[in-house]
Amino acid sequence: MKYYEMFADSENADNYMRCLGHNTYNVDDYATSSGEIITGWNIEITFICDNSDERLHRDYLTSDFGWYIVSKRFRGVVEDLARDSIQYLPIKLIRSDINQIDDTYMVANVIDIVDAFDLKKSKHKTIRAYGEKIHMVEDYALREKSLEGHHIFKLKGETIPTFVSEKFKDTLQQNNIMGFAFLEVKLV
């Protein structure tokens, strides 16, 4: 099976929309990058989105926090594949064009962490910053044997990017889930 890095489809303007944090109750920008379950989430967290061109009907909206804001339709389509891999956190979107609140979107916190990253076979640069070595990965290489049974996940030690299986990607595409792009990763 193939695997992909998943990210926002910013190349296709029809599928791309960014929402701005309005009232985030001091939740850290990187709260969903660690792959850990979040407790104490405030259900009044709000984002502002301009829906003047109807892009709010997409299934994935980006945010200035880098959080995955997904539709209820996304959740329904991937429920069987991602049952133990995603924690869904409620939010409210303020639609600035009509001054209306939309509560049909949520933050998808990917909590499945897989130890599959092969740094030596990945294309990367190593720099020193803040007294530490930092690896800037251009092309990921993943150990295929470690990925079996995982359909959406983050990598141990590299938790910001999100990866999906071919089955997950195909499920999104077959159900016309909008707003995502995929880049195939090397398997070793």
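**A pocket, a cavity and a pair of helices**

Strand E1 gives the most to the lining of the largest pocket, contributing four residues. The model in which this pocket is found is a predicted one. E1 covers residues 3-8, and strand E4 (60-63) and strand E15 (158-165) likewise each supply at least two residues of the lining. The space in the largest pocket comes to about 360 Å³. Its lining comprises 20 residues, of which Tyr60, Gly66, Trp67, Tyr68 and Ile160 are the closest to the centre of the pocket. By class, this lining is mixed: 10 residues are nonpolar, six are polar and four are charged.

From the pocket the reader may turn to the enclosed space of the model. The structure holds one cavity of 30 Å³ or more, and the volume of the largest cavity is about 30 Å³. Its lining is formed by Met6, Tyr68, Val70, Phe74, Ile86, Ala108, Val110, Ile152 and Phe180. Two strands, E5 (68-71) and E9 (105-110), each provide at least two residues of this lining. In the lining of the largest cavity there are nine nonpolar residues, with no polar and no charged ones. Tyr68 belongs to the lining of the cavity, and Tyr68 is also among the residues closest to the centre of the largest pocket.

Another residue of the cavity lining, Phe74, leads to the helices. Helix H1 spans residues 72-82 and helix H2 spans residues 166-174; their axes come within 10 Å and cross at roughly 155°. Why are H1 and H2 described as roughly antiparallel to each other? An angle over 145 degrees counts as roughly antiparallel, and the crossing angle of H1 and H2 is roughly 155°; the two helices are therefore roughly antiparallel. The crossing in which H1 passes H2 is right-handed. On the side of H1, the contact is made by Phe74, Val77, Val78, Leu81 and Ala82, while H2 brings Lys167, Phe168, Thr171 and Leu172. Seven of the residues in this contact are nonpolar, one is polar and one is charged. Phe74 thus takes part in the contact between H1 and H2 and also lines the largest cavity.

Conventions: Residues are numbered from 1 along each chain as its sequence is written. This is a predicted model: local features need pLDDT of at least 70, side-chain atom pairs count only at pLDDT 80 or more; totals for chains, interfaces and linings use all residues. Side-chain values use heavy atoms; hydrogens and water are left out. On a 1 Å grid over the protein atoms alone, a cavity is a set of points where a 1.4 Å probe fits but cannot get out, and a pocket is an open set with protein on both sides within 12 Å along at least five of seven lines; lining residues have an atom within 4 Å of a point. Grid points are joined across faces, edges and corners, and a volume is the space filled by probe spheres set on the points. Ala, Val, Leu, Ile, Met, Phe, Trp, Tyr, Cys and Pro count as nonpolar, Asp, Glu, Lys and Arg as charged, and the others, Gly among them, as polar. Axes are lines fitted to C-alpha atoms, for helices over the stretch in contact, and angles run from 0 to 180 degrees between N-to-C directions. Angles under 35 degrees count as roughly parallel, over 145 as roughly antiparallel, 65 to 115 as roughly perpendicular and the rest as oblique. A crossing is left-handed if the near helix is turned anticlockwise from the far one by less than a right angle, and right-handed if clockwise. Contact means heavy atoms within 4.5 Å.
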